[in-house]
Amino acid sequence: MAEHRSASTFSEALRTRDDDALVALLRARPDLVNPSPSTLRSLAARATGTASTERALADCDRLGLQVLESLVALATLGRPTTPDDVVAALSPADDVDPAALRRSVLVTLADLDARALVWSTPDGFRAAPGVAPLLGLYPAGLGPAAPHPADDLAALLEKARSDGGRGRAVLDALAWGPPVGVAPHEPRAVAAVDRLVADGLLLAPDAGHVVLPGEVGLALRSGRTHRDVRPGPPLPADGRSPAHATVDAEAAQQALEMVRLVTDLLRLWDDEPPTVLRTGGLAVRDLRRLALHLDTDDATAAAAAELALAAELVADDGEVPASFAPTTLADSWLAQDDDARWARLAHAWSASPRAAWLAATRDEQGSVRSALSPDHAVGWAVRLRRTVLDAVGASPVALGPADVRAVLAWEAPRNVPPGDAVDGVLAGARLLGVVALGALSTPGATLLDGDPGGAPDPAALARTAVALDAVLPAPVDDLLVQGDLTGIVPGRPGRDLAELLDAVAEVESRGAALTVRFTPASVERAMAGGLSAEDVLGRIDRHARGPLPQALEYLVRDVARRHGRVRVGAALSYVRVDDPAVVASLLADPALRALGLVGLAPTVVAANIPAARLHEALAAAGVTAVLEGPDGRAVSTARERRRAAPPSGRRGRGRAGGPSTGPPSGRRVDEDARARRVVAELRARDDLARAADHPGATGSTGAGAGPDLDLGPHRAGAAHASGARPGTTPPADTLALLREAIEERRLVDLSTVDGHGTPVIRTVRPLRLDGGRLRAVDPARDAELTVAVHRIASVVPRDD
Amino acid sequence: MTDGPLIVQSDKTLLLEVDHPQATEARRAIAPFAELERAPEHVHTYRLTPLGLWNARAAGHDAEQVVSALMDYSRYPVPHSLLVDVAETMARYGRLQLVKHPVHGLVLQTTDRAVLTEVLRSKRTAGLVGDRIDEDTVVVHPSERGNLKQVLIKLGWPAEDLAGYVDGEKHDIALTPDGWTLRPYQEHAVESFWHGGSGVVVLPCGAGKTLVGAGAMAKSSTTTLILVTNTVSARQWKDELVRRTTLTEDEIGEYSGTRKEIRPVTIATYQVLTTRRKGVYTHLELLDARDWGLVVYDEVHLLPAPIFRMTADLQARRRLGLTATLVREDGREDEVFSLIGPKRFDAPWKDIEAQGYIAPAECTEVRLTLSDADRMAYAVAEPEEKYRLAASAPGKNRVVDQILQAHPGEQTLVIGQYIDQLHELAEHLDADLITGETTVKERQRLFDAFRTGEIHRLVVSKVANFSIDLPEASVAVQVSGSFGSRQEEAQRLGRVMRPKQDGRTAHFYTVVARDTVDQEFAAHRQRFLAEQGYAYKILDAEDLEEGLARELPS
């Protein structure tokens with residue numbers, strides 16, 4: 001696309017691009033298509049507008065910005081701007097190969113061209129209109145062009161250099177910018193500065209300041225606009241690349257740990273779902289409890305909770321009061337193997353729009369931000385995550401958080417993500433095992449395959465799971481049971497063993513191996529879960545290397561002996577009888593079978609209906625009974641009122657579906673197709689416009705303050721339906737014409753409408769378009785004027 | 001990834017598989033910096049602690065050695081964060097050094113200005129240091145040497161004490177090895193201690209710690225102050241020193257509640273040193289009574305807090321701590337480190353047992369089901385009464401009887417906590433009883449009689465917990481204890497672990513009441529021994545006869 005078209009203006013250059021180049025532009029700068037521009041001119045206007053240019057510059061890396069600055073600075077000073085000139089103006093850093101830099105600069109130029117940040121003229125590349133004002137007052141730190149440039153600059157500089165130390169010190173101080181300095185007071189320095197001003201090597205715009213003119217600065221820099229330029233991001237000098245196996249082993253550890261944390265979290269919240277705060281988050285108290293249960297710190301517990309939410313394993317159950325409860329997805333997740341579970345978590349993390357790292361940190365007021373709070377949903381999290389992972393993945397050496405920030409600062413100096421967000425993403429990636437030891441792990445790298453933010457497809461999940469499985473240590477099925485009632489699995493326990501130990505023992509230490517302790521409480525828990533002493537011992541024995549220690553056998557049998565001594569059950573009413581024979585007859589009576597009578601003791605029967613109804617039912621069956629109160633005294637049936645039974649059993653927990661925070665799916669549009677359609681429309685309309693006579697543009701009012709408020713052809717047309725005149729240019733075109741005029745320093749006929757509605761036409765030279773105002777010079781009156789853009793009716797370029 | 005015997009856990013525990021061919025090698029490699037936490041039959045657990053790592057630094061090991069030991073023997077990749085942590089922790093030791101300055105006397109100097117600035121800014125160091133001589137050096141008041149070290153370790157920047165020691169008053173002491181020699185590990189312990197300057201030697205009960213003390217005294221050949229737990233123990237030290245060294249009775253003084261002798265070698269009890277009158281320690285002058293060249297602390301893990309404070313003033317003297325375990329129920333391990341010194345030597349119990357220096361022991365817990373009446377009494381008792389009630393359950397007498405019958409003619413100790421219970425037991429067994437009320441003279445007489453085999457059975461209260469030397473006790477039965485003290489359990493087991501002449505296995509019984517707090521406390525107490533590899537067998541009192549018969553085929 002770099003074939004040189006000769007065009008006199010930016011919009012002309014845009015027009016001469018072929019369709020593919022236009023499509024590429026719209027793809028690279030999607031904001032240009034939303035909403036679709038009506039004409040190629042309004043496309044040009046939008047592309048050179050402050051908002052869109054700012055956005056495009058935000059995507060530029062440091063080299064791109066340096067190239068742009070160089071182009072602007074060279075053009076300001078009237079220097080040629082061919083690619084070779086740009087290459088020559090950029091001085092490589094010491095450790096950079098000049099040939100490599102040259103290649104990178106050429107690629108960068110082509111890329112900037114593709115994004116319409118530069119356009120090519122017969123004399124070389126020019127920065128697009130709208131770029132220069134955004135590069136600051138002194139692009140590349142070079143001052144303005146001198147009004148009367150000295151002819152023999154070299155000789156003068158030589159003179160200044162040899163003229164004692166002071167003049168030279170002043171020049172050296174300003175050489176690499178900023179070019180403005182405070183005028184000195186010390187007499188000898190004043191004399192030196194005066195000499196420099198007299199020679200035209202310095203400008204003194206006012207009594208207090210001196211300015212180094214651009215030409216002089218460039219000469220002092222030996223014609224370079226930038227120094228220490230690098231073709232790629234800076235990497236840590238002493239950087240090492242850790243071995244893949246080490247990274248993956250570390251990542252595998254973390255991955256397993258995170259899966260464990262989320263698993264334990266689901267179990268805990270299944271039993272005791274924490275309440276959803278009114279503001280939507282998790283109470284600090286509940287987070288602490290979770291951290292305690294997971295045996296980790298608050299931040300890690302919060303990360304686990306956020307992951308569970310992102311993976312839709314827990315959700316607000318929507319009941320009153322609402323609580324965070326495991327979802328139906330949690331059950332299928334728990335049924336999966338470690339690798340598949342991790343894949344789900346990792347993909348959910350990567351696609352989550354939530355700034356999960358904010359959970360459990362403190363805000364500006366010092367109060368703790370709650371985990372799972374809806375406030376943490378920020379759209380840019382997905383993109384930032386991808387940016388960070390890309391940076392880590394692309395680096396040949398390990399990157400610490402500071403290094404990653406440095407790389408990101410190089411990649412988009414005008415759009416540096418907040419440092420704590422980068423650190424937060426990295427911390428999350430490390431906890432999850434996506435990043436380990438500053439490098440991307442093999443399973444983590446699989447997350448970069450797909451489209452960020454998209455719903456993970458089963459194939460991608462499977463790929464990630466397989467990648468993790470490949471780096472996990474082989475599961476171990478051996479258990480070493482010892483006399484001090486500890487058991488050790490010398491590796492990652494296999495699933496059956498893990499489940500067994502989970503049921504019958506307490507974990508003492510985790511890591512590459514698992515240490516558990518058998519305690520009366522843990523064995524009791526297993527029995528409550530339905531295992532018998534024989535089950536427990538048998539299953540442990542199957543995994544144990546060598547015979548079980550006597551102490552363990554004794555412990556299990558002793559617990560079994562005590563287990564179930566005290567029992568608790570539910571009944572709604574009871575029958576007490578003195579005579580066991582009566583009990584036997586009640587239990588045997590077929591007429592009473594519907595009452596749910598259960599014999600608890602020879603003289604006690606429990607029933608599953610309220611006492612009053614039991615009383616009636618017994619009376620109907622011919623058994624006269626006395627109702628008794630909680631204190632055992634008889635209660636008169638006359639005073640007995642019917643009361644609603646309390647809802648029995650646990651409140652059914654609504655397994656909430658997907659949370660609202662998930663990425664919208666099914667709304668994905670084929671962006672490429674859309675860009676193509678827009679280009680075709682533009683082209684058609686443009687051809688139409690050219691075919692028709694299109695002399696001067698007459699005005700339109702009511703445009704917004706800038707191209708970003710472009711209302712599009714339809715609304716603009718509607719607004720002016722009554723007063724529309726033939727040939728009226730849309731407001732965006734007005735702006736484009738003005739911007740081009742500024743760039744070309746051309747005169748235009750500007751017709752404005754004054755406060756009384758009277759049109760006024762003036763010939764002016766536009767200077768600056770900023771904040772909805774145009775500053776221009778009226779050469780006829782040699783005066784500057786400022787006009788609000790919305791008062792401009794039309795702009796007609798003058799051919800002079 | 002090797003197939004090593006070691007697994008490094010992220011919580012900084014190290015699991016060592018003992019049956020692995022490389023296990024011994026690995027144990028040797030990690031012993032200098034990792035604390036042995038438990039040593040049951042299959043997998044020993046070590047723990048990395050800051051103190052342990054600093055101990056290693058003090059002994060001249062560096063982080064690189066530690067890291068490479070972990071990596072060399074680890075079966076799985078070692079967590080990176082742990083390695084970083086090890087390196088960082090170890091780097092904290094020695095940034096600050098206490099040295100002698102030719103002009104200013106004792107100074108604290110640093111290799112890292114920021115660290116010195118940090119610790120000097122702390123409120124805790126205020127008053128302990130004097131003027132700052134230059135950027136890297138600050139004067140330390142000699143009397144605050146100990147306090148400063150203690151504060152610095154709390155601040156996480158332990159100081160390396162290179163200021164050396166006063167020589168102390170010369171006094172010739174030599175071992176008299178007639179018919180005996182120091183065992184290799186004892187010799188090793190003495191060497192490690194002497195080389196390190198000051199510090200703690202950890203040896204199991206019955207492994208001859210007194211001899212390590214004697215060896216250190218012979219090395220030092222200076223006047224020596226020995227601090228012991230009680231009078232009986234003081235007497236035993238004296239006897240042992242007279243027997244094993246060139247010291248005579250007249251050269252050894254006893255400084256206790258009854259006698260106040262100050263001699264070239266003086267043995268003082270903790271109790272007399274901590275005696276206060278009107279809030280003032282009355283016997284502090286003992287510490288300065290002579291120019292001691294060596295201070296020996298027996299049973300460091302029991303050292304009372306006031307003695308720590310006094311010890312802070314003794315930093316210029318060589319200090320040797322002796323103990324069976326660095327575990328302190330009060331968690332003051334760091335004070336032992338900073339005030340007495342780093343661990344200089346230790347050996348696991350089972351290792352020394354394997355070498356035949358301590359008797360193999362079999363531990364049995366006998367569970368007694370309480371009678372219905374006792375269970376009811378227990379169920380309704382006040383919580384604070386429950387342990388006493390359960391521990392002194394009357395049924396225990398019969399169990400003790402049965403045990404004793406299973407070991408006819410063996411030297412047997414019955415140990416308990418509650419005096420009433422012990423009286424009853426003594427009567428029931430027709431045995432002599434030693435409690436806190438027994439006079440020293442009477443105690444000595446009974447111990448001698450027990451030693452000579454004149455009497456076979458002794459019932460003792462907790463006064464006999466520490467440092468009583470009963471060489472031929474081969475069976476111990478404990479009927480009650482101080483709640484869950486692991487300390488006490490180890491001490492009591494130590495009573496039966498002196499090697500028997502006929503190489504017999506020692507027996508250690510604990511009688512507990514089932515389903516009561518007695519059983520819970522017992523479980524807690526046993527943990528320490530189980531972790532040392534002494535696995536308990538559990539027998540039901542009802543099956544006792546049959547069980548014992550099976551266990552003891554003789």
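What follows walks through a predicted model of chains A and B, starting with chain B, moving on to the contact between the chains, and ending with a few individual residues.

Chain B first. Its secondary structure adds up to 22 helices and 25 strands. Of its 554 residues, 58% come out as buried. The contact pattern leans on distant parts of the sequence: taking the contacts in chain B with a separation of 6 or more, 72% are between residues 24 or more positions apart.

Helix 1 of chain B, spanning residues 23-30, gives a local view of how burial works out. Ala23(B), Ala26(B) and Ile30(B) are the buried residues here. Looking down the axis of helix 1 of chain B, these buried residues fall within an arc of 65°, so they line one face of the helix. As for what sits over them, the cover includes three strands of chain B, namely strand 1 (6-8), strand 2 (13-17) and strand 4 (43-47), along with helix 3 (63-73).

Now for the interface. Chain B puts 33 residues into the contact and chain A puts in 32. Between them the two chains bury about 2,500 Å², with 47% of that on carbon and sulfur atoms. On the chain B side, Arg38(B), Tyr76(B) and Ile538(B) lose the most area to chain A, and together they make up 20% of what that side buries.

Polar pairing shows up across the interface too. There are 18 residue pairs in polar contact between chain B and chain A, counting pairs with both residues at pLDDT 80 or more. Five salt bridges are found between the chains. Asp515(B) and Arg562(A) join side chains in a salt bridge, with an N to O distance of 3.8 Å. Several elements of chain B each bring at least two residues to the side that touches chain A: strand 1, strand 2, helix 4 (80-92), helix 21 (517-531) and strand 25 (536-540). Sorted by class, that side of chain B holds 13 nonpolar, 13 charged and seven polar residues. Strand 1 and strand 2 of chain B therefore turn up twice, as part of the cover over the buried face of helix 1 and as suppliers of residues to the side touching chain A.

Back inside chain B, Asn397(B) sits in helix 17, which runs over residues 395-406. Its relative accessible area is 10%, and because the cut-off for buried is under 20%, Asn397(B) counts as buried. Beyond its neighbours within four places in sequence, Asn397(B) is in contact with Glu424(B), Leu425(B) and His428(B).

Two residues of chain A round things off. Val197(A) belongs to helix 10 (residues 187-198) of chain A. With 29% relative accessibility, Val197(A) is classed as partly exposed. Setting aside neighbours within four places in sequence, Val197(A) has contacts to Leu202(A) and Ala204(A). Val210(A) lies 13 residues away along the chain, and its C-alpha atom is 8.5 Å from that of Val197(A).

Pro144(A), by contrast with the helical setting of Val197(A), is placed in a loop, the one linking strand 3 (124-127) to helix 8 (153-162) of chain A. Pro144(A) is partly exposed, at a relative accessible area of 36%. Not counting residues up to four places away, Pro144(A) touches Tyr138(A) and a run of Val211(A), Leu212(A), Pro213(A), Gly214(A) and Glu215(A). Ala73(A) is 71 residues from Pro144(A) in sequence, with 8.8 Å between their C-alpha atoms.

Terms used: Residues are numbered from 1 along each chain as its sequence is written. Chains are lettered from A and ligands numbered from 1 in the order in which they are written. This is a predicted model: local features need pLDDT of at least 70, side-chain atom pairs count only at pLDDT 80 or more; totals for chains, interfaces and linings use all residues. Side-chain values use heavy atoms; hydrogens and water are left out. Buried means under 20% relative accessible area, exposed over 50%, partly exposed in between (1.4 Å probe, protein chains only). Helices (H or I, at least four residues) and strands (E, at least two) are DSSP runs, numbered from the N terminus. The arc is that of the directions from the helix axis to the C-beta atoms. Contact means heavy atoms within 4.5 Å. Buried area is the accessible area (1.4 Å probe) that two parts lose on being put together, summed over both. A salt bridge is a side-chain nitrogen of Lys or Arg within 4 Å of a carboxyl oxygen of Asp or Glu. A polar contact is a pair of N or O atoms within 3.5 Å; within protein, one must be able to donate a hydrogen and the other to accept it, and residues adjacent in sequence count only if both atoms are side-chain atoms. Ala, Val, Leu, Ile, Met, Phe, Trp, Tyr, Cys and Pro count as nonpolar, Asp, Glu, Lys and Arg as charged, and the others, Gly among them, as polar.
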